Amino acid sequence: MRWPREVPELGWSRGGDRRVSVLAYGVGLGFRAVGERHCVGARGNVCPLGAVVPGRSNGGRCAECARLDRAHSVAADTMADDPRTYRVYLAWFGPGMVKVGITGEERGAARLREQGAVAFSWLGRGPLMAARRTEEVLRAALGVPDRIPYAKKRAVRGQLPGPEERAGAVAELYARAAALEGRGWPESLERLPLEVVDQVGVFGLDRAPDPDPDPGRSVREGGTAPVRAVQELVDGGVVAGRLVAAAGPDLHLAVADGSVVVLDTRLITGWDLTSVTRAAEATGSDVHVPLIDIGGGGVQGGLF
């Protein structure tokens, strides 16, 4: 799943054929997993071992392919001579959950959407190593983590505060970060002005999951609050529902019992998927895979 623009996209492959499906809120999505889950390879290359990977693995890669994929990433600090311009961002995911990160300037806010950042602001721009140095200084000085588990992000997504409080949290973090300018902040990093971007609407978190959504309902009313999450796919396992929201790699699906189930699309990679049959639907449930409580050939809808 990718966010090159302000709508989520799913990428599919069948042999050498690759295609992209742009997702839309309110549309049905369903599939059945078939067989075993295989490693998706690395950097566009097929896994030479054709390795089977665990159903609960978020990466969908065997150990060797995972190492190869990370070895050529910015996060691995193996690209010090990268000539591109990078941006430092301040991201807010929910009360008490903030982080500092960097992304290539040409990517725009795609990285923030991929991480499920509810609100964010740019802090500065400059060469890769200056951006990386600023990121490290801010993490140490402000006491913010380098990553936030998706499970924690999901747990608060249905009880987000209002837009003013979200913007205020980002502004407060920006002020603390800006106060460090000149104290370990590289001179080659240009500070950018505070401009809070709120992505609640982009993610559809302000939508209600009922058949006739009322756009006037707020996030506080818990319209898209997820209660369960898919733990893993299994052979013959079915996932089907109506897409009501999406954030980062997560799809929020309204299912038959009226609740919302989260599907982390990273769990899909490496599986063969077929359409949901009438026989599967006749069992009276939309989801036939292991679920966990968040608190503690084809795809229907023309996606294939």
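## Salt-bridge criterion and overall make-up

A salt bridge is counted here when a side-chain nitrogen of Lys or Arg lies within 4 Å of a carboxyl oxygen of Asp or Glu. The structure under discussion is a predicted model. Under the stated criterion, 21 salt bridges are found.

The protein has 304 residues, 47% of which count as buried. Its secondary structure consists of seven helices and 14 strands. The exposed area amounts to about 14400 Å², with carbon and sulfur atoms supplying 51% of it.

## Glu114 and Arg111 in helix α2

Glu114 and Arg111 form a salt bridge through their side chains, with an N to O distance of 3.9 Å. This distance meets the criterion because the cut-off is 4 Å. Both residues belong to helix α2 (residues 110-115), where they are three residues apart, about one turn of the helix.

The two partners fall into separate accessibility classes: Glu114 is buried, at a relative accessible area of 15%, while Arg111 is partly exposed, at 33%. The value for Glu114 places this residue among the buried ones because that class takes in anything under 20%. Leaving aside residues up to four places away in sequence, Glu114 is in contact with Arg2, Trp3, Arg107, Tyr150, Gly248 and Pro249.

## Further salt bridges

A second pair is formed by Arg191 and Glu181, whose closest N and O atoms are 2.6 Å apart. Arg191 is located in strand β7 (residues 190-191) and Glu181 in the loop between α5 (163-178) and β7, so this salt bridge ties together parts that are ten residues apart in sequence. Arg191 is partly exposed, with 35% relative accessibility, and Glu181 is also partly exposed, with a relative accessible area of 37%.

Arg266 and Asp264 make another salt bridge, with 2.7 Å between the closest N and O atoms. Through shared partners, salt bridges link Arg154, Arg157, Asp250, Asp264 and Arg266 into one network. Within this pair, Asp264 is buried, at a relative accessible area of 5%, whereas Arg266 is partly exposed, at 24% relative accessibility.

## Val262 and its surroundings

Val262 is part of strand β12 (residues 260-264). With a relative accessible area of 1%, Val262 is buried. Beyond residues up to four places away in sequence, Val262 touches Arg154, Pro226, Arg228, Ala229, Val230, Asp250, Leu251, His252 and Ile294. Two of these contacts, Arg154 and Asp250, also belong to the salt-bridge network described above.

Val262 and Ala247 are 15 residues apart along the chain, and their C-alpha atoms are separated by 10.0 Å.

## Nonpolar cores

In soluble globular proteins, nonpolar side chains tend to be buried together. In this model, the largest nonpolar core comprises 55 residues, and the members that touch the most others are Leu123, Val230, Leu233 and Val239. Another core, of eleven residues, lies apart from it and includes Tyr89, Ala91, Phe93 and Ala109. Val230, one of the most connected members of the largest core, is also a contact of Val262.

## Helix α3

Helix α3 (residues 128-142) has 15 residues, which at 1.5 Å a residue should span 21 Å; the end C-alpha atoms are 21 Å apart, in agreement with that expectation. The expected figure follows because the rise is multiplied by one less than the number of residues. After the helix comes Gly143, which has a positive phi, near 70°.

The buried residues of α3 are Leu128, Ala130, Ala131, Arg132, Thr134, Glu135, Val137, Leu138 and Leu142. Their cover includes the strands β4 (85-94), β5 (97-104) and β6 (119-127), together with helix α5.

## A nonpolar surface patch

Val7, Val20 and Val22 make up a nonpolar patch of about 240 Å² on the surface. Of these residues, Val20 is located in strand β2 (residues 17-22). Val20 counts as exposed, with 54% relative accessibility, because the exposed class begins over 50%. Val20 thus contrasts with Val262, which is buried at 1%.

Notes. Residues numbered from 1 in each chain as written. Predicted model: local features only at pLDDT ≥ 70, side-chain atom pairs only at ≥ 80, totals over all residues. Heavy atoms only, no water. Patch = residues over 30% accessible without salt bridge, like charges linked within 9 Å, V, L, I, M, F, W, Y side chains within 5 Å. Areas by Shrake-Rupley, 256 points an atom, 1.4 Å probe, with all protein chains shown as cover. Helix = DSSP H or I, 4+ residues; strand = E, 2+ residues; numbered from the N terminus. Buried < 20%, exposed > 50% of the residue type's maximum accessible area, 1.4 Å probe, protein only. Core = buried A, V, L, I, M, F, W, Y, C linked by side-chain atoms within 4.5 Å. Contact = heavy atoms within 4.5 Å.
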